[in-house]
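Please work through the exercises below with the model open beside you, trying each task before reading its solution.

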Amino acid sequence: MTDSNYPANEDAPAQKQRHETELIQWLRIPSISSYPDHKDDTRRAGQWLLDKFQRAGLATQWLPTEGHPIVLAETPPVPGAPVALVYGHYDVQPAEPLELWTTPPFEPTVRNGNLYARGATDDKGQLLTHVHSVCDWIASGESLPLQVKFLVEGEEEVGSQNLEAHLSDLADQLACDCVVISDSGQYADGQPAITYGLRGIATYEIEVQGPAMDLHSGSFGGAVANPAVAISHLISSMVDETGKICISGFYDDVRPIDANERERWTQLPQDESEFAKSVGVDQLFGEPGYTADERRWARPTLEVNGLTSGHQGEGVKTIIPAVAKAKISCRLVPDQDPGKITAAIQAHLDANKIPGTRVTLKADHGAPAMLANTDSPYMAAAAEAIRAGFGVSPVLIREGGSIPIVAEFQKVLRCDCLLLGWGLSDDNAHSPDEKFRLADFHRGIAASRELWKQLGECRVG
């Protein structure tokens, strides 16, 4: 087994520079999976990763799908040792609004120790920590103490439907003891975390159709329902002024937060006023009776993600718009079923629509919440690896975001899940000026290297 200074043929500054240079190369590729005109770019980002694996000597496979390809790679088996599967994604979110970026989203720029680019923390930078640690280990001439497999898709940001469709067929090839995922964050600056729970998700578009065309608001106002007003009414009817969701049946299957879990979370170094300040609001808001962490991690939500109707250009155009649209998303907690939530929302819209309008609900993607086993030996190994890489023992937290495929991993592969996030809450994932602190990028590589050592000491069979 190697020591922590591998590979011996490179000094630390040169190795760090190479790691950063390769990340910058990858971030320059605008792999926006949701935009058809970036299909070739998204494919190119997958090819970049495949080429890196092949240069390092891993066995690789390029798996076409109906959408973007899946990249598979693996190191040789190690009898008697666990198998770790690293999951990540090479696609990124759209970068708009572009005018809010300090520097262009696909021209990676270092400022104040941070690397700014779309995908820096979600997920290219975090995923690359594991890629670097494995490839460097192989380059050192030493054998890894366990087999590491990689599964990297190009559609996580659009719901992972094609990966989910292929997962059962890939189950034997992907067989593993634990899945390692770095697509989340630390609890706070200087306080790393292991995430053991993720909320699920259900996303929708609501369309309210009124007249057959835009109408003159003077000639027709007062006689025809306005779709913009109608959709505003529907939205306000779904969530009250306290943040409680008013859709019948929405909370029926919500699993209560365990009392011991709530008590453990009170021991975290939380400061709600500082949290509010960090996101630019003067106070926090949400469902009464719960802390901000409890609301973010273990309570369901309904959010409006986009709202469009009528004239959006310069000046005034006095119309009754023909149509109004809203994009909404629900974050779900353990025991909630996305299908039942869809039915509840549909029933609510039917019961509350304004006469003279037609309301359509289009469901997009959905996935249930997940909880990981906090008592597994792999969880203990991960905690030791993070302590070695970051110099601080991690805390156990849940995460409010969703990685739809994780629950499928648990179901199909029957493995433990290790969600090890290196990012920070102010990394602006999905927002302008996304960043990744380079110090955490390098700490993540060190923690990943230690993870293979610690997992290799866990016996199986």
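The exercises that follow concern a predicted model and deal with aromatic rings and with one sheet.

**Exercise 1.** Classify the ring pair formed by Tyr-87 and Phe-409, and find which elements the pair links.

*Solution.* The structure holds eight aromatic pairs, and in this one the rings of Tyr-87 and Phe-409 lie 5.3 Å apart, centre to centre, with 70° between the planes. Because planes over 60 degrees apart count as edge-to-face, the pair of Tyr-87 and Phe-409 is edge-to-face. Next, locate the partners: Tyr-87 belongs to strand β3 (residues 83-89) and Phe-409 to helix α12 (residues 405-413), so that distant parts of the chain, 322 residues apart, are linked. Finally, both Tyr-87 and Phe-409 are buried.

**Exercise 2.** Describe how the rings of Trp-265 and Trp-297 are arranged, and which cluster includes them.

*Solution.* Trp-265 and Trp-297 form an edge-to-face pair, with 5.1 Å from centre to centre and 85° between the planes. The pair joins helix α7 (residues 259-266), which holds Trp-265, to helix α9 (residues 292-298), which holds Trp-297. Both Trp-265 and Trp-297 are buried, and ring pairs link them with Tyr-187 into a cluster.

**Exercise 3.** Determine which strands stand at the edges of the open sheet β4-β5-β18, and why one side of each lacks a neighbour.

*Solution.* The sheet has three strands in the order β4-β5-β18, paired antiparallel. β4 (109-111) and β18 (435-437) stand at the edges, because each has a single partner strand, and one side of each is therefore left without a neighbour in the sheet. Three bridges join β4 to β5 (residues 114-116), where Arg-111 stands opposite Asn-114. The charged end of Arg-111 also sits over the ring of Tyr-116, 3.8 Å from the ring's centre.

Terms used:
Residues numbered from 1 in each chain as written. Predicted model: local features only at pLDDT ≥ 70, side-chain atom pairs only at ≥ 80, totals over all residues. Heavy atoms only, no water. Phe/Tyr/Trp six-rings, centres within 6.5 Å; stacked < 30°, edge-to-face > 60°. Helix = DSSP H or I, 4+ residues; strand = E, 2+ residues; numbered from the N terminus. Buried < 20%, exposed > 50% of the residue type's maximum accessible area, 1.4 Å probe, protein only. Lys NZ or Arg CZ within 6 Å of the ring centre and 35° of its normal. Pairing = 2+ DSSP bridges.
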